[in-house]
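Grab a pencil and have a look at the model below. Then try the exercises before you read the solutions.

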Amino acid sequence: MKAKERKPGRWSPANVAFNTFNYLFLSVVAFLCLYPVLYVVLASVSDPNQLIRYKGLLLRPLGFTLRGYEMTLKDSSILVGYKNTIIYVVTGTALNMVMTILGAYTLSRRNLLFKKPIMIYITITMFFGGGLIPTYLLERSLGLYNNIWAMIIPGAVAIWNMIIMRTGFQSVPMELEEAAYIDGASPVKILLEVILPLSKPVLAVILLYYTVGHWNEWFRAMVLLDDRTKYPLQIFMREMLIQANQALVAASSEAAGSLQEVDQYRELLKYCTIVVSTAPIMCIYPFLQKYFVRGVYVGSLKG
Amino acid sequence: MKKEASVGKYTQPFSKRLKKDLRRNWFAYLAFVPVFTYIFVFKYIPMYGVLIAFKDYKPFLGFAKSKWVGLENFRSFFGSPYFLRTIKNTLMQNLWHLFLGFPAPIILALLLNEVRKNGFKRVVQTITYMPHFISLVVAMGIVRLLIDSGGVITQMVDMVTGTQHSSLLNYASMYRPIYTLSGVWQGVGWGTIIYLSAMASVDPTLYEAAEIDGAGRGAKMWYITIPTILPTIMILLIRELGGMMDSGYQKSILLYSPVNYRVSDTLGTFVYRRGLVEGSFGFSSAVGLVTSLVNLVLLVAANRVSKKLTETSLF
């Protein structure tokens, strides 16, 4: 740690000025990134009447009420959305992992006779694609319209993730695989008992990427799903936040009280729903950060 | 070892090599079957399906029975007022991004790299990563709340301009700043990761040598740090340029409205609206095809320029 030594230039006016500016600037950047989220949280427990009249930067809750959360948790569409999203995340990610592991295993083999054609087969898809409309028509013709498998099968493998995982598999020492091979282990056994246990970090990264991807997916659902009972959470969020759909608010009013009250609490409901739908990932990402970071790094190595 | 194998390989007839390969690697090929099938169905069949751009596609007739119309769909796109509007909006949206959104994480990473207190650094990183983890729908929902009439950002704009505004999305001139800056908010912290990891690879003795030569912080940044991350910057820039023609349409759909189509309607959103909302599949496939061709040209061109100027290239 050379930086610990006091160098003569360390306390020069230019240096002190730069440091002061830098720390201040970074603090401001961090505050600006944080504030929208902080604002939503504060607003979600504030009294809606005071909030509407309030001018300026909100830095503490105005009054305190949990009424919005009560209404949110009674809202059947939020519950339906949560349930569907969890189904899509779990099933989708499981399929993703199996497919990606199998594909990455093949790509990581060094002595395949058909390695080059396989790589070309994959690389072409990274440069050319059918585009939105032909893909949509294909998905419809496969019977995926208004089918919950539409949320799972069309995204079964992300090519980029497969390539990242292959890079991870390639870092397993060849000697270990060869030793197992000489011991008479089958290729399946080598994959399950040698390669996978030694590739836990890259598996974690890819698992997280897929999970977050499914959690956030909305476009596919908007385009392909028709039944409200099949909608993931994000679609209900879009109705509420983007389309300000009256139906949703009206539906929740039956559970929550008079129409007037709903009107008054409609904004509050938005804030609370944002918190309820985002809280899980906000609570876990700081702990998983290092895995995400590693994924970005591994991904940047190749290409 | 690799060399030895390849020498032996070519002395044997192909059938014998194939037999040996299948005996040794049968599982590797079997394992590839699901991915092969998936890619064939979901990537290659739509590539063939692009041919509907040359057809007058009628859903009830299907792909095979719909009439061929040659370049009719392309002609009607190039002849429509939407052609210039969507091209211009796509380019403007990307220029805004290239001048504000793209450099922002580079600058933040350079400043974070100068922080010696690791605790402070980590806190700033964790906080700035946060918006990346908010789903696009919710993030745009939050943006809409902040720029609604009476929202925090609208209040600030009111203060600066001295007039009351309704939702800022109702003003066409505000759309591009909102689109770009909300992108900076979501992406600036996450974007630093790749640059910080590139900066971590700098040999510390380089900085020490520079200090002995009397280099200040600015000089070290300019002559050591930036050249080190230049290849990373170029790679990301090439990728950015190669995808710019249909970038961000999902976000646009969440943010735009007929009030601001004049500035917000891009190639990607136009394809979506014409195709999936209005059902003109042939026409919108043609627009989509033009988009991907321009993307490909941009990608190759950017790659070539970067190869010449900085000796960095994607392929």
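Here come two exercises, each with a worked solution.

This is a predicted model, where local features need pLDDT of at least 70, side-chain atom pairs count only at pLDDT 80 or more, and totals for chains, interfaces and linings use all residues. Residues are numbered from 1 along each chain as its sequence is written, while chains are lettered from A and ligands numbered from 1 in the order in which they are written.

**Exercise 1.** Work out how the axes of H12(A) and H8(B) run relative to each other.

Step 1: find the helices (DSSP runs of H or I, at least four residues, numbered from the N terminus). H12 covers residues 233-241 of chain A, and H8 covers residues 136-146 of chain B.

Step 2: take the axes, lines fitted to C-alpha atoms over the stretch in contact, with angles from 0 to 180 degrees between N-to-C directions. They come within 9 Å and cross at roughly 15 degrees.

Step 3: angles under 35 degrees count as roughly parallel, so H12(A) and H8(B) are roughly parallel to each other.

**Exercise 2.** Find which residues of H12(A) and H8(B) meet, and sort them by class.

Step 1: use the contact rule (C-beta atoms, placed from the backbone, within 7 Å). On H12(A), A:Gln234, A:Met237, A:Arg238 and A:Leu241 meet B:Val137, B:Val138, B:Gly141 and B:Arg144 on H8(B).

Step 2: Ala, Val, Leu, Ile, Met, Phe, Trp, Tyr, Cys and Pro are nonpolar, Asp, Glu, Lys and Arg charged, and the others, Gly among them, polar. That gives four nonpolar, two polar and two charged residues in this contact.

How values were computed:
Helix = DSSP H or I, 4+ residues; strand = E, 2+ residues; numbered from the N terminus. Parallel < 35°, antiparallel > 145°, perpendicular 65-115°, else oblique. Contact = placed C-beta atoms within 7 Å.
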